[in-house]
Amino acid sequence: MCEEKHWESDQLRRYDLDLKQIPRLRYNDPKVDELIGQNKPVVITDSNIIKTAQENWTPEYLEHNLGNVGHNVFLSKTHKFKYFDRTKMLSRSNPQGIDFVPPTKETKLKIGEFMKKLKEWKPGNDRLYLQQPLNDTVGPSLVRDFVRFDWEYVGQKQNKHNWGPLTSNLLLISQEGNVTPCHYDEQQNFFGQVYGYKRCILFPPSDFECLYPHPVHHPHDRQSMVDFDCPDYTRFPKFKNAKGFETVLKPGDVLYIPIYWWHHVESLMKGGPTISVNFWYKGGPTSLEYPLKDHQKIAITRNVEKMLLEVLQDPREVGPLLRSMVMGRYT
Ligand SMILES: CC1(C)c2ccccc2-c2ccc(C[C@@H](CC(=O)O)C(=O)C(=O)O)cc21
Ligand SMILES: [Zn+2]
């Protein structure tokens, strides 16, 4: 049946990318397991995974049930919320870390204050993004909804595909139009869309060469250096070869974001605040079977960069040594 659409294409930001659609499959379709088994993204529809949240969690409900403690709220001067690792800012052996200008600030706000700032927001104000691990600090009714997620379904997937343990569930409340720029995580992710609409653009780990991640020791480790709003094709010529996949998630959808897959996430413009909850799992044990999978090569390149920094100490020597190692010999 044709699903009624609650959004228009002018609510999506425009990028110079040709994108295919991520498949949308019903939760009980055997092809879901096929794709997860191949570490490929899939939107799982009509499941009960986050049903209790989808039924109850509106901004007003969260305002009354999130508890009265301060929550982590990120502030940005732009629509982008580029993650950075604070621990990589301080190390003296990291000059890039010392003159690094953090693109976002972090503060603590009570949910009421956060919602008030959202309502009163005007262009020129900082944008806001609330991110809160779901734990016992949230109110009892949220805990009740949370324990009623379909844990049997996600547990069955976790076991069948040999994922590691669940590490966290993040509750995310985003202002309309916010963007989490393209990055990868080293965890398997069931990304649940609870309220509002989110557009997700994903790229396979094999697009590593087209997305130019920051050096591993840089605070923006795991994030792409390419600014999707204004790509620098001189510095990043292969970006035009990136082969992405996209989907617009509606309430109740759960997107499987495979470990090491790049993802850019945006809350639709003029779509109001969005609420999501993710499930992060450690990757399973990966035996070195040949040919190596793409994500295993990424893990290996990360180890090489860490080892070289370890021995060279100064990150400015890592590039020149790698270049001298391969230029004219492996190129
Ligand atoms: C941008 C923000 C709030 C942030 C700031 C500072 C440190 C961490 C994070 C962080 C981590 C995860 C997300 C959720 C999601 C992206 C999205 O839904 O926007 C995503 O990438 C994932 O589920 O893997 C969002 C954030
Ligand atoms: Zn992520």
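Reader: Which residues line the largest cavity?
Author: First, the ground rules: this is a predicted model, where local features need pLDDT of at least 70, side-chain atom pairs count only at pLDDT 80 or more, and totals for chains, interfaces and linings use all residues. Residues are numbered from 1 along each chain as its sequence is written, chains are lettered from A and ligands numbered from 1 in the order in which they are written, and side-chain values use heavy atoms, leaving out hydrogens and water. A cavity is a set of points, on a 1 Å grid over the protein atoms alone, where a 1.4 Å probe fits but cannot get out, and lining residues have an atom within 4 Å of a point. Here the lining is made of Asp 185, Gln 187, Asn 189, Ile 257, Pro 258, Ile 259, Tyr 260, Trp 261 and His 263.

Reader: What volume does the largest cavity have?
Author: The count comes to one cavity of 30 Å³ or more. Volume here is the space filled by probe spheres set on the grid points, which are joined across faces, edges and corners. For the largest cavity that gives about 30 Å³.

Reader: And where does ligand 1 sit?
Author: A pocket is an open set of points with protein on both sides within 12 Å along at least five of seven lines. A molecule sits in one if more than half of its atoms lie within 2 Å of its grid points. For ligand 1, that place is the second largest pocket.

Reader: Which strand gives the most to the lining of the second largest pocket?
Author: This pocket holds about 820 Å³ of space. Its lining has 29 residues, with Tyr 83, Gln 131, Leu 170, His 183 and Trp 280 nearest its centre. Several strands (DSSP runs of E, at least two residues, numbered from the N terminus) supply at least two residues each, including S4 (71–76) and S5 (104–109). With three residues, the top contributor is S9.

Reader: Which residues are the closest around ligand 1?
Author: The shell holds residues with a heavy atom within 4 Å of the ligand. By class, it divides into nine nonpolar, six polar and two charged residues. Of the 17 residues that surround ligand 1, the closest are Tyr 83, Tyr 129, Thr 180, Asp 185 and Lys 198.

Reader: How much of the accessible area of ligand 1 does the protein cover?
Author: Let's start with polar contacts, meaning pairs of N or O atoms within 3.5 Å. Oxygen atoms of ligand 1 lie 2.6 Å from a polar side-chain atom of Thr 180, 2.9 Å from one in Lys 198 and 3.0 Å from one in Asn 189. On its own, the ligand has 540 Å² of accessible area (Shrake-Rupley, 1.4 Å probe), and the share covered by the protein is 93%.

Reader: Which helices give two or more residues to the lining of the largest pocket?
Author: The largest pocket, about 1,100 Å³ in volume, is a different story to tell. Its lining has 31 residues, and Phe 208, Pro 213, Thr 301, Glu 305 and Leu 322 lie nearest its centre. The helices (DSSP runs of H or I, at least four residues) that give two or more are H9 (208–211), H10 (294–312) and H11 (318–326).

Reader: Which residues does a cis peptide bond join?
Author: Most peptide bonds are trans. Here, though, one bond has an omega of about 0°. One partner, Pro 291, is in the loop between S14 and H10, and the cis bond joins Tyr 290 and Pro 291.

Note on methods
Polar contact = N/O pair within 3.5 Å; in protein donor to acceptor, adjacent residues only side chain to side chain. Nonpolar A, V, L, I, M, F, W, Y, C, P; charged D, E, K, R; others polar.
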